[in-house]
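Here are a few short exercises on charged side chains, each with a worked solution. Have the model open beside you as you go.

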Amino acid sequence: MAEHDARYGEEGAGPPEWARVRDRLARVGVAWFTTCAGHRCPVTSGSGGSGRSRKIVFGTSCSLPQDRLWKPLVMDVADWSDQPGEGVGEWSRMIEIRSFAETDRAALRELFGRAGEGSPSSLLWGHEESEAAMYLEPYMSQEPDSLFVAVTGGHVVGYLAGCLDSSTFPSEKERMERAIAKYRLVFRPKPAAFLARGMVDLASAAVRRKPTARGFDDARWPAHLHINVTPLARGTGAADGLMKRWFDRLVQTDSPGCYLQTLAENTRAVRFFERVGFARHGPTPLVPGARQGGRQLHQQTMVWQP
């Protein structure tokens, strides 16, 4: 690694943004960069703080001119920027927001498992397949016209799954009951632990007469959504583009409003939704069974009207 570090210190080894990118990568646990033989096109590999293998590719084709090899590097600065959108530059203009196509299924399923990485709302009970069956697959099958994807470089980097009328869609409780039965979650260690904690939390809340998380039913806000963007696409305009397409669809269909439910502890998400026009609504009840770092998590409902 020292050899590569020295090479990147040479004059002409990259744009001025390089030192800044190096610092950002170090903060999130990415080890360092390797190079293509005979070139300085940055292809990185390393391990992120989450423990999962993390591979980041900024430029992979040595046949490209040097200035083009470095463009993706500058674009990816945004993920480690202190200010939202800082460093986005050209990459934000390269994001394509389009409607879901059946050929996107495999890519969305793969993205589902890594999009929320590091956030309080990543994997709730540690069984990705059953969670996808609740929060992604029904939207692909039952309301594909309200599903939008963000694409750059031919790769899906985010999606928004919406529903125009929640009363026509299976409730979260119904979807969870189906997932528990289909995937036999009570016999799987992590989901079983989640469900056991949930029972304890419900009993404790009942004794203390405290509310717990539940579905939302209000005719003023019949639509709802779920949005997921990969960590490397955060701050690039992908999430904003997805929300714009969804708002356009709501206006075109004369929807009176939309709600979403996130975690109050996911402050980054809450700030983003407020920035695009959502407002916090109601209390923040306990989400039974959910934990991050041993701490209980709470539901935040947010609403939007055109």
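**Exercise 1.** Is Arg105 buried, partly exposed or exposed?

*Solution.* Start with the cut-offs: buried means under 20% relative accessible area, exposed over 50%, and partly exposed in between (1.4 Å probe, protein chains only). Arg105 has a relative accessible area of 28%, so Arg105 is partly exposed.

Before moving on, a word on the source: this is a predicted model, in which local features need pLDDT of at least 70 and side-chain atom pairs count only at pLDDT 80 or more, while totals for chains, interfaces and linings use all residues. Residues are numbered from 1 along each chain as its sequence is written, and side-chain values use heavy atoms, with hydrogens and water left out.

**Exercise 2.** Find the salt bridge partner of Arg105.

*Solution.* Look for a side-chain nitrogen of Lys or Arg within 4 Å of a carboxyl oxygen of Asp or Glu, which is what defines a salt bridge. For Arg105 the partner is Glu102, with the closest N and O atoms 2.7 Å apart. The structure holds ten salt bridges.

**Exercise 3.** Which residue forms a salt bridge with Arg109, and where does each partner lie?

*Solution.* First, the partner is Glu128, the closest N and O atoms being 3.0 Å apart. Next, place the two: Arg109 sits in helix H5 (residues 105-115) and Glu128 in helix H6 (residues 128-135), so the pair links distant parts of the chain, 19 residues apart. Helices here are DSSP runs (H or I, at least four residues), numbered from the N terminus. Then check accessibility: Arg109, at 21%, is partly exposed, and Glu128, at 27%, is partly exposed too. Finally, salt bridges with shared partners join Arg109, Glu128 and Glu137 into one network.
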